[in-house]
Each structure stands twice: as C-alpha cells, then as structure tokens.
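Some local features can be read from coordinates with a few fixed rules. What do such rules give here?

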Amino acid sequence: MNERSRNSTGRPWDDERLAGAYRALAARSAPADLIEATLAARSAPADRKGRGPRGFAWLTWRRPRAVLASGAVGLGVAAILVASLILRPTPSASPATGAVPTSVEGLMVITVSQALAAEPNGGDGLVAIEGWINPMPLPGCPVETPHPALEESCSTRQLVLTETRQELVVFASVVGGTSMTASPPTAPYLYARELAGANVDALLPDMADPTTAANYLALQAVIVGHFHDARAGECSADQRAACDAAFVVDQLAWLEGKSLGLDLWIGGDSSGAVLKPRLTADGVVAALQSSLGPADSVVSMAVVTLGDITTITGKGLQASGNGADLLWFVRVAGPAPSFPPMAWGAGNSGWVVLDDASGRIRGAGGWGFVSGATGSFPPSPRPSLSGGLFPLPTTNWLAGRGCAGVGLDAVLHGSPTDSRVTWLENKLGGQSRMDVLWPAGYRARFNPSLEILNESGNVVAREGDAVAGACGNDPDTGTVYLEPPFK
Amino acid sequence: LNLRRSSGIEWVRRSKRLAGREMVNGVLAGRSLVDLARSGDVPAFESLVRSRMDAMYRLGLAILGDEADAADAAQMTFVAAWRELPRLRDPDRFDAWLQRVAVNSCRMVLRARGRRRIREIPMAEIDLAQKRALGVADPGRADGEILRTAIRHLSLDQRAILALHHLDDRSVTEVVEILAIPVGTAKSRLFKARADLEMALREEEGR
C-alpha cells in the first residue's frame, strides 16, 4: 500500500481496512421473509422446465420491495431519483400526430411482413418497421457460458414486434403470488435484439415494477434497426443463419402516437460500469457536422469503451489504443460521409466512431464498405487507383497512434503480384508469412520497391522495414493489424 | 455438533464429515444434501437455502450495495439453483457453483436496475445526503458506507472479484473456479479492480 492510497483521515485503505469495510457493508442477515418467499418461488409449477425466449411460463413471487422506500417516505425524504444511466434527449420537434408516420429519419416505414420479405436479399442498412411491441419479462437465468452477442440464450434481451396487436403476457392471481404467462406470438412477427450495451426496455414506458401487468401491454411503435449485423459471423455454425436474420434495434422512433427521435445510451456497458463522457450528444453532432451531409440523420448514439467497441461492431474491427478510452458509436441514416477516406459503396446508412477525448473520428463502417478484415478484399495485381497506387486490405479503423501491441519480430515485404500486396515475414518461428491489415485510407506503390502511404498520402513504411509490434491480430486468420510507426 | 452456519466455508468443511442424511441444528447436513437436492428432494433443497441464504445475501450486498437488490439477487440465485442443480456434475463444488450463480444473478439485477430507471436509496445514503446538505462534516463516516458508495464506480466483474476476495476471503485459485476465468485474467482483474476501488474510496472519503 503506497502513500497514494492514504486518505484524508490518514488511514490507508490496506487489506485489513478494506476487509473490515466489506464486513461492515455486508454485516446483515437476509430479511426474515426472504427464505420463505424464495422457497415459495421454487415451488412454482414451472420448476425445472426449460424455457426459451419464444414462449414460456413461470410464476414469480416477489418480496415487497416497497419496504425500504416506504421507510424513507416515512421520514419525509424522497427515496427515489431518476437514475443517470439512461439519458434520453428531448423528443424531436416532429409533432405527435397519433398516426403511424410514413417515414422516419428519411427512411420509409414498412410493415413487419414487408421487412421479413426484404430481409433475405438485403444488406445491413437501416430499415424502419411499424408494428406492436410486446415487452417481455426478464427471466432469472442460470450461469451461462459466454456466447456471441446475437446468439439466443436465456438472458438474451428481445422485443417481440408483431404486425397486429397481440397481448402475449397474461397475469393471474394464484395462491401465494401471481402467475405470469407469456405466449408465443402469431405470425407475422420478428424478434428485435437490443444494441449491445443498451437496454431496449429502458426506452419503453416506466417499468418500475416488472410484476405489474400494465407494463406488458402491447405498444404500437416504429423501430429503426438493421438485419445482417456484423456480429452474426461470431455465432456458431448452427445459429449463424438465425443471427444473420436477427433484427437489431438502433432507434425506437415512434411510440403510441409520439415521435421520439434520437436514442442515446450512456453508461450501458455489459458489466454495468458507469461511463462519464466529456462530450454531450450535441457536441458529438457538432463534431460530425463537417463529415456528414445535410441529408444525413443521426439515429442513435451509444457511449462505450474502446475495449467494448467490438460488442457493437463485431470482432472484424481492429481497434488500437487504450481499452479504457471512451468512444461514441453513432449510427447514421443517409449518404456516406465525406470523411474518413474509405471506399464507400452504395449503402443508405452506416456508423461512425468518435473519440470522446479528442472529438476525432476513429472508425467508420456501413454504406456498403467492404473491410479487408472480413477477408473479402478483392486482390489487384495491377495498380487500380490513380497515381499508380494499389489498394490495400484495410480495416474501418482509422490510424490513430502507433501501438506497440503484440510482440513481433518481422520484416515488411510487398509485391505488386501478390494477392494481398503486402505481408510480413515472421522471424519468431511458427507461421512464416503473416497477412497484413492496414488502417482505412492506406495504399501502396512500388517505386520500385514497396512504399506504404497513409490516408494523407505520406509514406509511412517501406520494403524491409522491421516490425517489432502490431496492434492486434485476428486469431482465426492470423492476419496482423499494423499501424505505423512500428515499435 | 455445533456447526457455524454463519460461516459458509467452515460449515461446508465440517458438514462433509457427516455421513447420510442427518439433521443438524434443524438443517439437513452433509454432501448428501446436494445429492438429494439434485434428485429433486425438496426438504434437502430447503435446507440448502436456509443454510446459505445469509451468505448469498451478504455477497449480493457486497456486490450491489443495496439491500433490496441483494435480496432480489439472493432469491434469483436459489430459484436458478433449484432449476439447474440436476446439471451440477460435482456436488463437492456446490458452494463455488452457487456463488457463480449468485454473481450472475447480481449481473441480472444490475441490468434490471437500469431498466427500472428508478432506484431506492438506502437509508444511510439519505442520512449522508442530509448531512451534506446541512454542511455537517462527517469524519466518522463508517467505512462500510464509504465502500457502498465507492463500489458503484466499478464494473460488476470488478465488484464480484473484490467481494469474493475481501469479504469471503477467497484465494485467487478459488476465484478462478467460481468465476470460471483464467488465472491470468483473475489476477489482472483483481489488481485493476483494487486500484480502481482505492481511487473511488479516496474520492468518496474526501467528500
């Protein structure tokens, strides 16, 4: 324990004091009624029956949570406050009309069946779908091994969006508690997944008491989201098709006659850590203004750490930098941005990642961009870019700073006739050739030997350069992500 | 036999010596309890609940810092345990397994807390807020209350590993088994969690 850990009282927070604090914090017995309430819950008829997200039934017995709150009220002290975890901007200026809008965020609103029909041949662009949301209760789940974000599991958060109004959750009074039964929906319907780090339920009307029947009534809504999420590739083979067809929510655009506009999720990382960004939502929009066009519309924002960014973008993203850095993941509807310098396709929407500390764009994707990280980069043995330049396999992560990353002892090589143009010769043993992935905007030329140009056209690496560290590698393909200067 | 039910580790260690299905202090004892509960024996499971409820509640308190949330997590833990017990392969590891279920339940409660959008403020916190509002210094503020506020700055994974290590006195090896994470991850997580907690404690104590 060093001096830094001493506090204003002069007592250090050493192991002994910390253990004492833990004992003091937890020096309470369980409430007297908790054992009986738990045993009553255990004895529910649904005991030991498997249940999945597509229809289930169980009973819930809850202790009266009001005990503590009522004590506080008795002292005349307000005992509740709005949690800071979920922030929601003022609803958009669009007037609430009561009728389902025909378009939101520049996107035509379609029905559930239209969306399902279009999904197989569509990309990951944004779509706006109208229907009826059925809030589902959060089940108590057993220990689960980590699984890909889009794979179904007991704890997967889902919203059922039905084309017609259906009441799927029914409450009934039974001896000793309340029976809650959820039924499978009637087609056409789709299951909407929440964006990583966010609680879709939090966007719905007050869910203060999940045991109240009124909280489960179907709600007419328009949801903006996308199919073919990049994270589908992480699913196991037997679930990949289902993951690919999953509808991931980006915005709850309209609910029960009211336009809601931009969704903003802060502090919702999967482990519950509270994030405190420097920028505000308005600040982020201002920082993006010069890069986006007048027809672009910000659909949603989520604050995540760099270490958690792949929980949204998928593991194809090779992000470098401090894992604790805060980033803004911003989903945009509209034409591709003028920056960063990437080979945009014809998509109607995409995403941009902004660094909270610097306000700089650090990554982007969507708009039909094909990342080299996916392995689908088309090789080009002859210069296909102006100025005799060769395209390189790139990621949608911009160069930020050189990173030491994983240790390497390798040499950079390149050839205009090689399918990937550049590669590393590994001197550490094992795999001798290592494929390379570069930051967005990087290109190569042969003058006559290899030169790597960054997005600004400056030469940042050459044939024969020693590479002592990379920013990361794809464990599946062995591809190494490089970001000069090499260290 | 005078078993200490207030100490989970001690109780388990001693109860393993018991053979068969004995009643001890009104509680069925021995490894047979877990075996029986796995096979659907309700009294055996009830005995497990009674003997371990306090420990699970305290673990929840140390992770969540909120009495109501801790009670919810404890209840959720045992309901899930009853459902999943048949899949427990090694009854000797029941307590480690149960603690893992408890950590997972805390995770679920924490997620649900965000969904509720309101939270109940513990009485101690209200009292502290009143003192602050009145400008009353609080040099003797109890360490437990400082800790309760400080852990809110940590992720659930950090809270869990700290609670297991400092409250339950679990070694890194035991933490590895409970949380099902690699040794290296456990060590680095514990180190980072401790550093973050110290920072939060200093910040809270300075208020």
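The exchange below takes up a loop glycine, a helix and some aromatic rings.

This is a predicted model, in which local features need pLDDT of at least 70, side-chain atom pairs count only at pLDDT 80 or more, and totals for chains, interfaces and linings use all residues. Residues are numbered from 1 along each chain as its sequence is written, chains are lettered from A and ligands numbered from 1 in written order, and side-chain values use heavy atoms, with hydrogens and water left out.

Reader: Is A:Gly368 buried, partly exposed or exposed?
Author: Buried means under 20% relative accessible area, exposed over 50% and partly exposed in between (1.4 Å probe, protein chains only). The relative accessible area of A:Gly368 is 43%, so this residue is partly exposed.

Reader: What span should helix H10 of chain B have?
Author: Helices are DSSP runs of H or I with at least four residues, numbered from the N terminus. The expected span is 1.5 Å times one less than the number of residues. H10 of chain B has 23 residues (183-205), and the 32 Å between its end C-alpha atoms agrees with the expected 33 Å.

Reader: Is the pair B:Phe94 and B:Trp97 stacked, edge-to-face or tilted?
Author: Rings of Phe, Tyr and Trp (its six-membered ring) pair if their centres lie within 6.5 Å; planes under 30 degrees apart are stacked, over 60 edge-to-face, and the rest tilted. That rule gives seven aromatic pairs over all chains. For B:Phe94 and B:Trp97 the centres are 6.0 Å apart and the planes at 35 degrees, so the pair is tilted.

Definitions and conventions
Helices (H or I, at least four residues) and strands (E, at least two) are DSSP runs, numbered from the N terminus.
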